[in-house]
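This report looks at a pocket, at a few residues in and around its walls, and at some charged pairs. Please keep the sequence and the model in view while reading.

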Amino acid sequence: ASGSYTDRKIMELATVQSQRDSHHRAELESCKVSLKKLQEALATKDLEVGRLTALQATLNQERVALRRAQQREGCNLEYLKNVVVDYLSFPPGALSEKASLERVLATLLAFSPQDRKKIAEGREGGQGG
């Protein structure tokens, strides 16, 4: 008789454990589904962050270009004309005077770093050739 009580108790415990295992499996599956959805949402957000970062870089470049354009608009054209006339009237050997006026022109016309680089490269090419 004691064997059957023990057997019943074992069966009871096995049933309870089986129910726990089923519950844990269902919970695990639910967590896996949630994790997959979160990973997909994260991937979407990563793409959006990349797009917004590129847009921010583009807008920053446009802002810098606009600022330069606004600086040029404020330039006194008569003064600019006089600087250009002075620059063009220097003889070819007057390098320091021309360099001084180039800095003035660069300021008046708000040259970009690329503009300055292009001018320096042209000057170096002209002197070497």
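How do the residues of the lining of the largest pocket divide into nonpolar, polar and charged? In this predicted model, the lining of the largest pocket holds 7 nonpolar residues and 4 charged ones, with no polar residue.

**The largest pocket**

The space in the largest pocket amounts to about 180 Å³. Its lining is made up of Tyr-87, Ala-99, Glu-102, Arg-103, Leu-105, Ala-106, Phe-111, Arg-116, Ile-119, Ala-120 and Arg-123. Two helices, α3 (95-108) and α4 (113-128), each contribute at least two residues to that lining, and the largest share, 5 residues, is supplied by α3.

Two of the lining residues can be looked at individually. Glu-102, which belongs to helix α3, has a relative accessible area of 17% and is therefore classed as buried, the limit being under 20%. When neighbours within four places in sequence are left aside, Glu-102 is in contact with Tyr-87 and Arg-123, and both of these contact partners are also listed in the lining of the largest pocket. Ile-119 is placed in helix α4, and its relative accessibility of 34% puts Ile-119 in the partly exposed class. From Ile-119 to Val-85 the C-alpha to C-alpha separation is 18 Å in space, for 34 residues in sequence.

**A buried lysine and a loop alanine**

Helix α3 also carries Lys-98, a residue that is buried yet takes part in no salt bridge. The nearest side chain of opposite charge to Lys-98 is that of Glu-102, 6.8 Å away; because a salt bridge requires a side-chain nitrogen of Lys or Arg within 4 Å of a carboxyl oxygen of Asp or Glu, a pair at that distance does not qualify. Apart from neighbours within four places in sequence, the contacts of Lys-98 are with Tyr-87, Phe-90 and Pro-91. Tyr-87 thus appears among the contacts of Lys-98 and among those of Glu-102.

Between α3 and α4 runs a loop that contains Ala-110. Although Ala-110 is not a glycine, its phi is positive, at about 50 degrees, and with a relative accessibility of 5% Ala-110 counts as buried.

**Salt bridges**

Side chains of opposite charge can pair when their charged atoms come close. Across the whole structure 5 salt bridges are found, and the table sets out some of them, with the separation of the closest N and O atoms.

| Lysine | Glutamate | Closest N and O atoms |
|---|---|---|
| Lys-9 | Glu-12 | 3.6 Å |
| Lys-81 | Glu-78 | 3.6 Å |
| Lys-117 | Glu-121 | 3.9 Å |

Lys-9 and Glu-12 are 3 residues apart in helix α1 (residues 2-73), and so about one helical turn separates them. Lys-9 is partly exposed at 36% relative accessible area, and Glu-12, at 46%, is partly exposed as well.

In helix α2 (residues 77-89), Lys-81 and Glu-78 are likewise 3 residues apart, about one turn of the helix. The relative accessible area of Lys-81 is 43%, which makes Lys-81 partly exposed, while Glu-78 is partly exposed at 48%.

Lys-117 and Glu-121 lie 4 residues apart in helix α4, a spacing of about one helical turn. Lys-117 is exposed, with a relative accessible area of 53%, whereas Glu-121, at 47% relative accessibility, counts as partly exposed.

Terms used:
Residues are numbered from 1 along each chain as its sequence is written. This is a predicted model: local features need pLDDT of at least 70, side-chain atom pairs count only at pLDDT 80 or more; totals for chains, interfaces and linings use all residues. Side-chain values use heavy atoms; hydrogens and water are left out. On a 1 Å grid over the protein atoms alone, a cavity is a set of points where a 1.4 Å probe fits but cannot get out, and a pocket is an open set with protein on both sides within 12 Å along at least five of seven lines; lining residues have an atom within 4 Å of a point. Grid points are joined across faces, edges and corners, and a volume is the space filled by probe spheres set on the points. Ala, Val, Leu, Ile, Met, Phe, Trp, Tyr, Cys and Pro count as nonpolar, Asp, Glu, Lys and Arg as charged, and the others, Gly among them, as polar. Buried means under 20% relative accessible area, exposed over 50%, partly exposed in between (1.4 Å probe, protein chains only). Lys and Arg count as positive and Asp and Glu as negative; His and the chain ends are not counted. Contact means heavy atoms within 4.5 Å.
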